[in-house]
Amino acid sequence: MPFGKITQVAHYVPNNIVTNDDLSKIMDTNDEWISSRTGIKERRISFEENTSDLSVRVAEDLLRKSGVSATELDFILVATMTPDFATPSTASLVQGRIGAVNALAFDLSAACSGFVYAYTTAEKFIQSGSQKGIVIGAEVLSKVVDWSDRATAVLFGDGAGGVLIEATEEKHLHGANLQSDGLRGLSLTADQKLPKANFQANREENPFLYMVGRDIFDFATREVPKNMKATLEKSGISADEIDFYLLHQANSRIIDVMARKMKQSIEKFPMNLQKYGNTSAATVPILLSEEVEAGRIKIGSNQKLMLTGFGGGLTWGTLVLSI
Ligand code: 4VN
């Protein structure tokens, strides 16, 4: 049976940088508060580019760096909670714009876990005969946050990352463990599409990104380490054998807690949230791409990686893979 393997990585962020000091001029906040509580120093904010534009940049870079042509792609998956449209999907827009005439395309909605959910889906396509495809996580969260709410606006940013996956004979994805708790889903909502349904009768209407920070923080520290350990168990790989833990970049304090709970040195947990804030589905693939660019992670080296996403849905999930 064929298995999927990451053969190239890429990322793209809008060039407009907004620092904490910039934000302190338009809302009642300051660098000290934001940095000490979240680790974030600045984020990228797109003016003219939407999620499909960021995704096209990533897709083109993947093809350029790998020498694979667009017509060889069998699938394009885009994980996003900020698609350009409800339809066409962001993935279809990318498929058309890069000329991937042989690729199926669809978006996957799993918020901050979107990339690990989409990668797991891609693995299934490879196992059932697809040869090559791309998986992208991309967001323009700046377009859905409430810029008058200092509790949420300072946390998020825009960006995109992705991977090229190709069929190979050896297993590279050793374990995947995806979870959801929809009963707690209303603690993180964004961009409601339809009028409130009955089950949301008590909910205050909020068209923007809305988050009960404490609940999400507690969920992340309680549920996610259990999921990470269960994935190691499934994979037959120990925590010590993992070279790098690439976690969703939402808050540096969360990452510190997780390193402690996994009994691993914080050195194994690269972070880039100081530069980009929380880009939801894009955090994990951007981090992977930057670590490859920096030479700490090497494609084809057989290093062991853990990729973990957690957030809206609620959803959470972990991949253990060799790269
Ligand atoms: C996972 C997490 C978060 C998140 C939750 C809360 C939070 C990030 C609340 C307290 C505040 C500092 C910021 Cl853990 C978000 C997502 C969604 O991607 C996923 N920051 N904070 C403080 O210290 O007062």
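This briefing covers the ligand site and a few backbone features of the structure above. The model is predicted. The ligand is surrounded by 16 residues, and the space that the ligand takes is the second largest pocket. Both domain 1 (3-170) and domain 2 (174-322) contribute to the shell around the ligand, with at least three residues from each.

**Closest residues and polar contacts**

- Among the 16 residues around the ligand, those that come nearest are R37, C112, H248, R253 and N278.
- The side chain of R37 has an N or O atom 2.8 Å from an oxygen atom of the ligand.
- For H248, the distance from a polar side-chain atom to an oxygen atom of the ligand is 2.9 Å.
- R253 also places a polar side-chain atom by an oxygen atom of the ligand, here at 3.1 Å.
- On its own the ligand has 540 Å² of accessible area, and the protein covers 90% of that area.

**Make-up of the shell**

- Three helices each supply at least two residues of the shell around the ligand: α2 (31-38), α7 (213-235) and α8 (252-261).
- The element that gives the most to the shell is α7, with four residues.
- By residue class, the shell holds ten nonpolar, four polar and two charged residues.

**Cis peptide bonds**

- Most residues other than glycine have a negative phi, and most peptide bonds are trans.
- A cis peptide bond runs from T87 to P88, and its omega is near 5°.
- P88 is part of the loop between β4 (75-79) and α4 (90-98).
- Another cis peptide bond runs from G313 to L314, with omega near -20°.
- L314 belongs to the loop between β12 (304-311) and β13 (315-322).

**Positive phi**

- A111 is a residue other than glycine with a positive phi, near 45°.
- The loop that contains A111 lies between β5 (104-108) and α5 (114-127).

Note on methods:
Residues are numbered from 1 along each chain as its sequence is written. This is a predicted model: local features need pLDDT of at least 70, side-chain atom pairs count only at pLDDT 80 or more; totals for chains, interfaces and linings use all residues. Side-chain values use heavy atoms; hydrogens and water are left out. A residue is near a molecule or strand if one of its heavy atoms lies within 4 Å of it. A polar contact is a pair of N or O atoms within 3.5 Å; within protein, one must be able to donate a hydrogen and the other to accept it, and residues adjacent in sequence count only if both atoms are side-chain atoms. Accessible areas come from the Shrake-Rupley method with a 1.4 Å probe; for residues, only the protein chains shown count as cover. On a 1 Å grid over the protein atoms alone, a cavity is a set of points where a 1.4 Å probe fits but cannot get out, and a pocket is an open set with protein on both sides within 12 Å along at least five of seven lines; lining residues have an atom within 4 Å of a point. A molecule sits in a cavity or pocket if more than half of its atoms lie within 2 Å of its grid points. Ala, Val, Leu, Ile, Met, Phe, Trp, Tyr, Cys and Pro count as nonpolar, Asp, Glu, Lys and Arg as charged, and the others, Gly among them, as polar. Domain bounds come from an automatic or database domain assignment.
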